[in-house]
Amino acid sequence: MTICLGIETSCDETAAAIVKDGRIVLSNCIQSQIRTHQTFGGVVPEVAAREHLESINQIIDLALSEARLTRKDLSGVACTVGPGLIGTLLVGIAAAQSLSFAWDLPLIGVDHLYAHVCANFLETDLEPPFICLLVSGGHSQIVHFSDYNDFKILGQTVDDAAGEAYDKVARLLGLPYPGGPAIDKLAHDGNPHAFKFPEAKMAELDFSFSGLKTAVLRCLEKLEQPWPVSDIAASFQDAVTTALVRKTIIAQEKTGVPFIVLAGGVAANTVLRAKMQEQSKVPVIYPPVRYCTDNAAMVAAAAYFTKSAGELGFGGDPAYSRQKRSRTTRTK
Ligand code: KG4
Ligand code: ZN
């Protein structure tokens, strides 16, 4: 049995969580900085790093106490090492390194994008193979997972990420940061066919969203105030989700995998989830909203499944354990 403390500080959430064997969440604590950054309309890296520094120790203590554990129960400490804001990442990495040294525990560095995918293993028995649509504030990718540590990127955005497009369009519409949840909510009262925003012509599984953002801007310039904000939000959301769903389904059909998996902050989107489920011939899996946006439970899960953890004798990637078992058999 492994019990891992995960730490996440890649952007504007200070988070710590305790996860057992990569799947069972014992605690999941988050201190969000959204209110601070709303004043600026986006994340200010230096301010974010300072806030992480103020909260990190309390959040780690809270994660241990909510799990009713002490440091003696832990098997390892994991933290996000990138991609993310360098100043904010350093706060989490320094905290994890110090605890690993002081408590004599293995330290596992985790890729933030891999962690988003691993959010799908929390509280489920999902196993690869699957196609993952990974859509966050900084990335949009279609990834084919043949196994826990065997994956290939089949397509990605050539410019803005899906979440970035949501945030920029929300700003144009005068909505608060982060834009995704605000547009998702407003779009419920709007007509998705009120405006026709074009889908960029891209290589089969690649995306482009910056032209869409410009199309919304041009549309707003021609409209008189007050803008039909709900209709614009719904039409923009329709264009983004149509492209995401269409290409993910092509990838699933090409590879023949038995699941489509959604990950990242935009996987919280209600229309994306509904459309993917409507149009996919295979089951569509997505995490609850609290595990879609940045959190530390996904970091602790990733620590369990990642290859480097297997090398430390910590992890649970069955492919790696199989290799280890066969090596042991041979030496006997
Ligand atoms: O994964 P995440 O929390 O952080 C990154 O790793 O970037 O993703 C944040 C992004 C933001 O762009 C935010 O607007 C978007 O996810 N987002 C949403 C929704 N909730 C968050 N986008 C669309 N619909 C949502 N419900
Ligand atoms: Zn993220």
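Where does proline 129 lie? Select it and you land in the loop between α4 and β6 (130–135); helices here are DSSP runs of H or I with at least four residues, strands are runs of E with at least two, and both are numbered from the N terminus. The peptide bond leading into this residue from proline 128 is cis, with omega near 10°.

Before moving on, some ground rules. This is a predicted model, in which local features need pLDDT of at least 70 and side-chain atom pairs count only at pLDDT 80 or more, while totals for chains, interfaces and linings use all residues. Residues are numbered from 1 along each chain as its sequence is written, chains are lettered from A and ligands numbered from 1 in the order in which they are written, and side-chain values use heavy atoms, with hydrogens and water left out.

**Colour by confidence**

Try colouring by pLDDT, the predictor's confidence in each residue, from 0 to 100. The protein averages 93, and 94% of its residues reach 70 or more. Now pick residues 327–332, where the pLDDT is below 50. Beyond near neighbours in sequence, that stretch has one contact in the model, a contact being heavy atoms within 4.5 Å.

**The zinc ion**

Next, select ligand 2, the zinc ion. His112 (NE2), His116 (NE2) and Asp294 (OD) coordinate the zinc ion at 2.0 to 2.1 Å. Donors are N, O and S atoms within 2.8 Å of the metal (3.2 Å for Na, K and Ca), and water is not among the atoms, so sites may look incomplete. Read along the chain, the donor spacing is H-x3-H-x177-D.

Show helix α4 (residues 112–118) as a ribbon: histidine 112 and histidine 116 both sit in it, four residues apart, about one turn of the helix. Are these two buried or exposed? Histidine 112 is buried at a relative accessible area of 7%, and histidine 116 is buried too, at 1%. The cut-offs are under 20% relative accessible area for buried, over 50% for exposed and partly exposed in between (1.4 Å probe, protein chains only).

**Ligand 1**

Keep histidine 116 on screen and add ligand 1. There are 20 residues around ligand 1, and His116, Gly137, Asp167, Gly180 and Asn269 come nearest; a residue counts as near if one of its heavy atoms lies within 4 Å.

Three distances are worth drawing:

- From an oxygen atom of ligand 1 to a side-chain N or O atom of aspartate 167: 2.7 Å.
- From a nitrogen atom of ligand 1 to a side-chain N or O atom of aspartate 184: 3.0 Å.
- From an oxygen atom of ligand 1 to a backbone N or O atom of glycine 265: 3.0 Å.

On its own, ligand 1 has 550 Å² of accessible area, and the protein covers 88% of that (Shrake-Rupley method with a 1.4 Å probe; for residues, only the protein chains shown count as cover).

**Helix α6**

Now highlight α6 (residues 179–187). Gly179, Gly180, Ala182, Ile183, Asp184 and Ala187 are buried in this helix. Which helices do the buried residues of α6 pack against? Show α5 (162–172), α8 (229–255) and α9 (270–279) to see them.

**Histidine 52**

Jump to helix α2, where you'll find histidine 52. Histidine 52 is buried, with 0% relative accessible area. Its side chain makes a polar contact of 2.8 Å with that of threonine 14; such a contact is a pair of N or O atoms within 3.5 Å, and within protein one must be able to donate a hydrogen and the other to accept it, with residues adjacent in sequence counting only if both atoms are side-chain atoms. Leaving aside residues up to four places away in sequence, histidine 52 also touches several others, including Cys11, Gln33 and Val91.

**Backbone oddities**

Go to the loop between β4 (76–82) and α3 (86–103) and select proline 83. A cis peptide bond joins glycine 82 to proline 83, with omega about -5°.

Two non-glycine residues have positive phi. Arginine 68 has phi near 55°, in the loop between α2 (45–66) and β4, and is exposed at 77% relative accessibility. Glutamate 123, with phi near 60°, brings you back to the loop between α4 and β6; at 48% relative accessibility, glutamate 123 is partly exposed.

**Last stop**

Finish in strand β8 (residues 150–156) with aspartate 150, partly exposed at 45%. Measure across to aspartate 189: 39 residues along the chain, and 42 Å between C-alpha atoms.
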